[in-house]
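Good morning, colleagues. I should like to use these few minutes to discuss pockets, and I ask you to keep the structure in view while I speak.

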Amino acid sequence: MASHRRPKQPSRARVTVLTTAAAAAVALGSQTANAAPSEKPSKDEVKTKVDKLYEEAEKATEKYNGAKEKQEKLEKQISTLQDNVARGQDDLNALREDIGLAASAQYRSGGIDSSVQLFLSADPDDYLDKASTLDQLSAQQVDSLKKIQEKQRSLAQQRQEATEKLEDLADTRETLEKKKNEVKGKLAEAQKLLNSLTAAEKAALQEEEDRATRASERTALSAGSDAKPVSGRSGSAYAAAQSQIGKPYVYGATGPNSFDCSGLTSWAYAQAGVSIPRTSQAQANAGTRIYSQSQLQVGDLVIFYGDLHHVGFYAGNGQVLHAPRTGTVVRYESINNMPFQFGVRI
C-alpha cells in the first residue's frame, strides 16, 4: 500500500514574514498609485534658479578670464625667453669660434700653449678657479674666457626660467579648460530650466527683459545729469561704454561685438588710452577705492558682490552701465540691483 504523507506546513515564522511582505507590497503599491506627481516649478522659481546659475557662471567666467590673461602673459614671456636663449647661444658659439681660430693659429705655428688649452677646456670655471694658471693668460684672454662663463651662466638661468614658465603655462591651460567647462555647464543647466517652461512663460520672461531694456533706453537720455566724469580719460572710457549699449553679453568676450562685465570696462578704458587689468577682481585694485555711493562720479568703476566678480561703470543718478549676464545686453540698471561693495577711481 502506498504511503500517504501530509504536506509539510509552513512554519509560523515563515507565514509571518510572507504576510508582512505582502502587506508591505500592497501598501507601497497603494502609495505609488495615490502619490501626486512632482509639481513643476513656477516661472518665478525657474527665473530665480536661472539667475543663480548665471551668477555662478559669471564667477567662473572671471576666473576663466584671469587664467586666459595669465596664459597670454606666460606665452609672451616664454617666447621672449626662447628668443633670448637662441641669441645667447649664437653669441656663445661666436665666442667659442674665436677661441677655435686662436687655437688653430697656434697649432699652425707650432702647438697649443696652456692658455689656449684653458679656452678649450670643457669646464672653464674649474680652470679659472686655479689661480696659478691666471698668470699664463693675457688680459684679453681672461676677458674672453669670462665672457664665455657669463654667457653660459645666463643661458642656464634663462633655460631654467623658461622651463618653469612652461610648467606654469601647462597648469594655467588646465585651469582655463576647467573654468571654461564649468561656465558651459552652468549655462547648459540654466538653458535646460528655461526649456522646461511653457511658451507663455517664456514669453512672460522675455517681456520682463524687454521692459528692462526699454527702461535702460529711457535712462540713457538722462543718465549722468547729476555728476561729471572724474577726469578726461574716465569720461572718454564711459562714452566708449555708452556707444556699446545693446551689445550682447557673452562670457569671455572683450568686444567690440559682445562683452562680459570686465570685458566691457577694460575695452572702454583701452579706447581712452588707459590699460586696466582684465578681470573684475584685478580692476578692484586698479585705482582709489570709494566706499560711499554718494561720492561716486560718472566713469568710476563700480564693484559688486563679496568676491568682487562683477564690475560696471557708474552712470550717475544711482545707475550703472554694465554688461549684466548671459541673455542680456549692455545697458543701464539701478546700482541697487546687486550688492554694492565700492567704487574704483582709475
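In this predicted model, 25 residues line the largest pocket, and those nearest its centre are D51, R325, R331, E333 and N337. Two or more lining residues come from each of the following elements: helix α2, spanning 43-108; helix α6, spanning 199-220; strand β4, at 319-322; and strand β5, at 331-334. Of these, α2 makes the greatest contribution to the lining of the largest pocket, namely seven residues. The volume of the largest pocket is about 540 Å³.

What is the make-up of this lining by class? Ten residues of the lining of the largest pocket are charged, eight are polar and seven are nonpolar.

Let me turn to the second largest pocket, which holds about 320 Å³ of space. Its lining consists of 16 residues, and Y54, L194, L205, Q206 and E209 are the closest to the centre.

Which elements supply at least two residues each to the lining of the second largest pocket? They are α2, α5, which covers 139-195, and α6. Here α6 gives the most, with five residues. Divided by class, the lining of the second largest pocket has six charged, five polar and five nonpolar residues.

To close, I would draw attention to the two helices that appear in both accounts. Helix α2 gives the most to the lining of the largest pocket and also supplies at least two residues to that of the second largest. Helix α6, for its part, gives two or more residues to the lining of the largest pocket and leads in the lining of the second largest. Thank you for your attention.

Terms used: Residues are numbered from 1 along each chain as its sequence is written. This is a predicted model: local features need pLDDT of at least 70, side-chain atom pairs count only at pLDDT 80 or more; totals for chains, interfaces and linings use all residues. Side-chain values use heavy atoms; hydrogens and water are left out. On a 1 Å grid over the protein atoms alone, a cavity is a set of points where a 1.4 Å probe fits but cannot get out, and a pocket is an open set with protein on both sides within 12 Å along at least five of seven lines; lining residues have an atom within 4 Å of a point. Grid points are joined across faces, edges and corners, and a volume is the space filled by probe spheres set on the points. Helices (H or I, at least four residues) and strands (E, at least two) are DSSP runs, numbered from the N terminus. Ala, Val, Leu, Ile, Met, Phe, Trp, Tyr, Cys and Pro count as nonpolar, Asp, Glu, Lys and Arg as charged, and the others, Gly among them, as polar.
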